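Work through the exercises below with the sequence and the model side by side, and try each task before reading its solution.

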Amino acid sequence: MAFLLIVTQSSDVLQYIFGKLIGRQKIAPVLSPSKTVEGFICGIAGATALGALLWRITPFKPIEAAAMALIVSVIGFLGGLVMSAIKRDRGVKDWGHVIQGHGGMLDRLDSLCFSAPIFFHLTRYFFAA
């Protein structure tokens, strides 16, 4: 669980930071105007590297941990876009106001809503004893 949470949240944070620092090309300006190609690439790369470094807390070998981190990060990004689309459709900017400047609690967990089931099934299918 720690691996999943750390990688997914790190990916989100790194995508945000790199998007702000070097982001130029918007990925989905209608759904999420702050998401950029540069932020996506750097965030995914950083989270994948972090996942590889965290291999000791998982049942994975380093390359497997990197692959799982890559998959979780990409699926998490897509989950964030889907949740943004749902919010746009409903005319809502944030899911709540619990965390100042970060939207609601669901805004922090939107990527986990998609990455957690994928992580569970991949781990169960490939790494269950």
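**Exercise 1. Decide whether Gly51 is buried or exposed, and find which residues it touches.**

Solution. Gly51 has a relative accessibility of 0% and therefore counts as buried, where buried means under 20% relative accessible area, exposed means over 50% and partly exposed lies in between, with a 1.4 Å probe and protein chains only. The residue lies in helix α2, helices being DSSP runs of H or I with at least four residues and strands runs of E with at least two, numbered from the N terminus. Leaving out residues up to four places away in sequence, Gly51 touches Phe3, Val7, Ala65, Ala66 and Ala69, a contact being heavy atoms within 4.5 Å. The C-alpha atoms of Gly51 and Ile6 are separated by 8.3 Å, although the two residues are 45 residues apart along the chain.

The model is predicted, so that local features need pLDDT of at least 70 and side-chain atom pairs count only at pLDDT 80 or more, while totals for chains, interfaces and linings use all residues. Residues are numbered from 1 along each chain as its sequence is written, and side-chain values use heavy atoms, with hydrogens and water left out.

**Exercise 2. Describe how α1 and α2 pack, and classify the residues of their contact.**

Solution. Begin with the geometry: helix α1, residues 2-22, and helix α2, residues 37-53, pack at an angle of about 145° with their axes 7 Å apart. Here the axes are lines fitted to C-alpha atoms, for helices over the stretch in contact, and angles run from 0 to 180 degrees between N-to-C directions. Next comes the handedness, and α1 passes α2 in a right-handed crossing; a crossing is right-handed if the near helix is turned clockwise from the far one by less than a right angle, and left-handed if anticlockwise. Then list the partners: the α1 side includes Phe3, Ile6, Val7 and Leu14, and the α2 side includes Phe40, Ile44, Ala47 and Gly51. By class, this contact of α1 with α2 has eleven nonpolar, eight polar and one charged residue, where Ala, Val, Leu, Ile, Met, Phe, Trp, Tyr, Cys and Pro count as nonpolar, Asp, Glu, Lys and Arg as charged, and the others, Gly among them, as polar.

**Exercise 3. Carry out the analysis for α2 and α3, and place Thr48 and Pro62 within it.**

Solution. The helices α2 and α3 pack at an angle of about 145°, with their axes 7 Å apart, and their crossing is right-handed. Among the contributors from α2 are Thr48, Gly51 and Ala52, and among those from α3 are Pro62, Ala66, Ala69 and Leu70. The contact of α2 with α3 divides into eleven nonpolar, three polar and no charged residues.

Now take the two residues in turn. Thr48, found in helix α2, has 17% relative accessibility and so counts as buried; not counting residues up to four places away in sequence, Thr48 touches Ala66, Ala69 and Leu70. Pro62, found in helix α3, is partly exposed, with a relative accessible area of 38%, and with the same exclusion of residues up to four places away in sequence, Pro62 touches Ala52 and Trp55. The C-alpha atoms of Pro62 and Gly51, eleven residues apart along the chain, are separated by 8.2 Å.

**Exercise 4. Determine how many aromatic pairs the whole structure holds, and characterise the pair of Phe3 and Phe60.**

Solution. A pair of aromatic rings is described by the distance of the centres and the angle of the planes. Rings of Phe, Tyr and Trp (its six-membered ring) pair if their centres lie within 6.5 Å, and planes under 30 degrees apart count as stacked, over 60 as edge-to-face and the rest as tilted. A search of the whole structure finds six such pairs. In one of them, Phe3 and Phe60 lie 5.8 Å centre to centre with 70° between the planes, an edge-to-face arrangement. Since Phe3 lies in helix α1 and Phe60 in the loop between α2 and α3, the pair ties together parts that are 57 residues apart in sequence. Both Phe3 and Phe60 are buried, and they form one aromatic cluster with Phe119 and Phe127.
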